[in-house]
Structures are given as C-alpha cells and as structure tokens.
Amino acid sequence: MLSDSSYLTAMYTYLGAASAFLVYLALILRRNWKWRGAWVALMVLIAAALLLTPAYPDANIATLAPALVVAIFEGLINGPEAAQHAIRPLAYMLGLALLLSGVLRLTVFRSREQKSQATP
C-alpha cells in the first residue's frame with residue numbers, strides 16, 4: 001500500500017503528465033488540423049474529461065484513481081455492472097465537455113470565425 005506522501009507524489013505526477021499531454025495535444029491539433037477553434041477545443045476537452053476524471057477503485061478504498069483506468073479494469077475483471085461507479089462520472093464529464101465546447105463555439109470562436117470571413 002502507498003503511504004500518504006507517495007500517493008500524493010503519484011497523483012501529482014499523473015496530473016502533470018496528463019496536463020502536459022493536453023497542452024501538447026492542443027498545440028499539435030491547432031497546428032496540423034484543418035478544422036480549428038471549436039473542434040480543437042472539443043477534442044482537448046474530451047481528452048481532459050477522459051484523463052482527469054477521478055473515481056474510487058472500490059467501495060472499501062479511500063484513495064482516488066483515474067476513472068477511465070478504473071472503468072477498464074473493473075469492466076474486464078468483474079464485468080460492466082461493476083464498472084458503473086466509474087462510468088457514471090466519465091459520462092457526466094464527457095457531457096460537460098460537450099456542453100462547454102458548444103458554449104465556446106457560440107461565444108469565443110464565433111467572433112473569430114466572423115472576423116476571418118469578413119477579411120478578403
């Protein structure tokens with residue numbers, strides 16, 4: 001079992017690596033993808049929801065783990081019913097990512113697209 005300091009170190013390392021991946025993903029998609037703006041935001045927000053959503057691995061465990069990892073392992077080992085406690089927060093965060101990207105599309109990226117269409 002992990003001590004408190006090693007658990008915090010592991011969580012900080014995971015959060016740092018996931019954040020660095022999200023920044024790198026945004027830079028790569030923004031540079032190389034023909035659809036920019038809201039589509040890049042959608043992809044980054046979906047990746048953030050999948051990587052950063054926490055869940056408890058089991059009812060008796062008091063530490064958190066990434067919900068995607070918990071859902072995959074619980075689904076493979078104990079079946080899909082056992083993974084429901086990790087799938088619910090993932091679905092909620094994916095819905096929130098879709099909603100936030102829609103709001104960004106209607107506010108921030110709308111003004112940018114109108115400016116790019118106005119210039120010949």
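I began with the helix pair and noted that helix 1 and helix 2 are roughly antiparallel to each other, since angles over 145 degrees count as such. The model is a predicted one, in which local features need pLDDT of at least 70 and side-chain atom pairs count only at pLDDT 80 or more, while totals for chains, interfaces and linings use all residues. Residues are numbered from 1 along each chain as its sequence is written, and side-chain values use heavy atoms, with hydrogens and water left out.

I looked up the packing of helix 1 with helix 2 (residues 38–52) and found an angle of about 165 degrees, with the axes 10 Å apart; axes are lines fitted to C-alpha atoms over the stretch in contact, and angles run from 0 to 180 degrees between N-to-C directions. Helices are DSSP runs of H or I with at least four residues, and strands are runs of E with at least two, numbered from the N terminus.

I then listed the contact (heavy atoms within 4.5 Å), to which helix 1 brings residues including Tyr14, Phe21 and Arg30, and helix 2 residues including Val40, Met43 and Leu52.

I turned next to the second largest pocket, an open set of points on a 1 Å grid, where a 1.4 Å probe fits, with protein on both sides within 12 Å along at least five of seven lines. Its lining, meaning residues with an atom within 4 Å of a point, has 14 residues, of which Leu2, Tyr7, Thr63, Leu64 and Ala65 lie nearest the centre. Helix 1 (4–32) and strand 2 (65–66) each give two or more residues to this lining, and helix 1 gives the most, with five.

Note on methods
Angles under 35 degrees count as roughly parallel, over 145 as roughly antiparallel, 65 to 115 as roughly perpendicular and the rest as oblique.
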